[in-house]
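Visitor: I would like to learn how to read the features of this model. Please take them one at a time.

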Protein chains: 2
Amino acid sequence: MTTRADGSAVVELLGALAYAELTAFDRLAEDARLAPTLAGRAALARMAAAEIAHHGRLTDRLAELGADPQAAMGPFVVALDAFHEGTRPSTWLEGLVKAYVGDGIATDFYREISAYVDPSTQALVHDAMQDVGQSEFVVKVVREAIKADERVAGRLALWGRRLVGEALSQAQQVAVERDALSSLLVGGVGARNRPSADLAELGRMFARLTDEHTRRMGRLGLAA
Amino acid sequence: MTTRADGSAVVELLGALAYAELTAFDRLAEDARLAPTLAGRAALARMAAAEIAHHGRLTDRLAELGADPQAAMGPFVVALDAFHEGTRPSTWLEGLVKAYVGDGIATDFYREISAYVDPSTQALVHDAMQDVGQSEFVVKVVREAIKADERVAGRLALWGRRLVGEALSQAQQVAVERDALSSLLVGGVGARNRPSADLAELGRMFARLTDEHTRRMGRLGLAA
């Protein structure tokens with residue numbers, strides 16, 4: 001469980017994560033414009049800035065490993081873009097819930113995967129996935145909005161479910177297509193040298209991801 | 001020339017600048033999506049991140065001065081948004097030229113104005129207006145594009161002129177509406193306690209701004 005994954009799995013992991021951070025930048029920058037105040041707009045813009053800093057550290061590491069960052073990110077462009085296209089917020093609150101819940105799921109997922117790679121990659125992943133300040137800000141604003149108008153809660157709960165559904169569907173597609181990455185999780189052919197999770201562990205992982213999601217929705221005052 | 005301007009002029013200057021940085025973030029983040037490569041997209045996103053960091057320092061200073069950052073930025077929203085609306089790049093190269101030439105004019109202008117405020121505000125302005133890395137990157141990419149297709153130069157030269165025209169027209173409008181800010185430059189009623197530039201100095205300032213613009217266009221390989 002704690003031994004090294006092979007190079008290509010690490011490159012795929014870092015590539016996926018690097019592109020995830022680049023799209024997180026884009027999405028936060030775009031959603032910032034839905035903000036009702038200049039302070040809210042700047043708050044989201046600052047989160048975007050933190051994401052692009054993470055992106056830079058991941059591409060630096062890819063380059064150190066001798067991988068071309070652009071090539072490493074390439075396989076994940078379609079799925080991640082499709083996720084964002086399919087979950088484009090139409091309101092400021094939807095954007096905030098997406099920043100919090102979507103990033104939360106992604107963070108938990110990448111952290112889980114990083115359990116199967118070398119310690120220095122693992123440290124980098126944990127670092128790149130640090131909360132960039134959205135949690136506190138989003139929880140405060142969303143709870144206030146629900147307090148002001150209870151109907152908001154129902155709409156945002158639905159939105160949260162849509163985010164999870166879309167995330168799982170895209171993750172599934174990536175897993176099907178990327179052998180090295182998914183073999184980290186489920187072993188498979190040629191996995192002898194790649195200690196990985198088995199199916200039982202995978203089940204537990206999804207249970208943990210779901211639990212964490214439910215907890216996050218709860219913090220927002222929303223039913224999962 | 002080097003003595004303190006009164007508080008409201010400083011607040012107006014910092015407010016204008018803070019909103020300029022917030023819109024610079026937006027614009028760079030948006031134009032990043034026109035990039036033909038993921039590396040180009042990340043390069044512009046990193047510039048955007050630097051702008052939002054500057055924004056944060058300016059709003060921090062406004063708060064220190066007892067001013068409400070949102071209120072201080074308010075008067076400049078319409079003019080700066082109009083500038084960006086009127087100069088929305090339709091290609092990656094137009095976006096790069098705007099990042100370089102537009103920010104260049106803005107930087108020179110704010111630095112000129114800061115000659116009339118207190119030294120610590122002046123230092124902050126100089127710092128906030130530091131090149132965030134766009135110059136080298138933009139010059140390289142634009143010169144390569146012109147080398148590959150000479151017709152690009154003519155189109156981008158026209159674009160540069162449109163940027164300047166739009167910038168001057170919006171600056172003029174702001175100057176007309178904001179007494180405190182424009183009195184820094186041209187004195188006017190009640191200017192006894194506010195040492196400021198006279199009209200001759202203003203003429204020289206515009207000459208310097210124009211010279212610098214011409215020099216920047218030249219570096220890109222473009223006629224001003």
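Visitor: Which side chain meets that of Asp26(B) in a salt bridge?

Guide: Bear in mind that this is a predicted model. A salt bridge pairs a side-chain nitrogen of Lys or Arg with a carboxyl oxygen of Asp or Glu within 4 Å. Here the partner of Asp26(B) is Arg41(A), with 2.8 Å from N to O.

Visitor: How many salt bridges does the rule find across the interface of chain A and chain B?

Guide: The rule finds six between these two chains. Residue pairs in polar contact, with both residues at pLDDT 80 or more, number 12 between chain A and chain B.

Visitor: Which elements of chain A give two or more residues to the side that touches chain B?

Guide: They are helix 1 (7-32), helix 2 (38-64) and helix 3 (69-73) of chain A. Helix 2 of chain A gives the most, with 11 residues. Sorted by class, this side of chain A has 13 nonpolar, five polar and five charged residues.

Visitor: How many residues of each chain are in contact, and what area is buried between chain A and chain B?

Guide: On chain A, 23 residues are in contact with 23 residues of chain B. The area buried between the two chains is about 1,900 Å², and carbon and sulfur atoms give 59% of that area. On the side of chain A, the residues that lose the most area to chain B are Arg33(A), Leu38(A) and Arg41(A), together 29% of what that side buries. Arg41(A) is also the residue in the salt bridge with Asp26(B).

Visitor: Now the aromatic rings. How many aromatic pairs does the structure hold over all chains?

Guide: There are five over all chains. One of them joins Trp92(A) and Phe137(A), with 6.4 Å centre to centre and 70° between the planes. That pair counts as edge-to-face because planes over 60 degrees apart are classed that way. It links distant parts of the chain: Trp92(A) lies in helix 5 (residues 92-114) of chain A and Phe137(A) in helix 7 (residues 134-148) of chain A, 45 residues apart.

Visitor: Is Trp92(A) buried or exposed?

Guide: Buried means under 20% relative accessible area. Trp92(A) has 13% relative accessibility, so Trp92(A) counts as buried. Its partner Phe137(A), at 24%, counts as partly exposed.

Visitor: What is the arrangement of Phe109(B) and Tyr110(B)?

Guide: Phe109(B) and Tyr110(B) form an edge-to-face aromatic pair, 5.7 Å centre to centre with 65° between the planes. Tyr110(B) counts as buried because its relative accessibility is 9%.

Definitions and conventions
Residues numbered from 1 in each chain as written. Chains lettered and ligands numbered in written order. Heavy atoms only, no water. Contact = heavy atoms within 4.5 Å. Buried area = accessible area lost by both parts, 1.4 Å probe. Polar contact = N/O pair within 3.5 Å; in protein donor to acceptor, adjacent residues only side chain to side chain. Helix = DSSP H or I, 4+ residues; strand = E, 2+ residues; numbered from the N terminus. Nonpolar A, V, L, I, M, F, W, Y, C, P; charged D, E, K, R; others polar. Phe/Tyr/Trp six-rings, centres within 6.5 Å; stacked < 30°, edge-to-face > 60°. Buried < 20%, exposed > 50% of the residue type's maximum accessible area, 1.4 Å probe, protein only.
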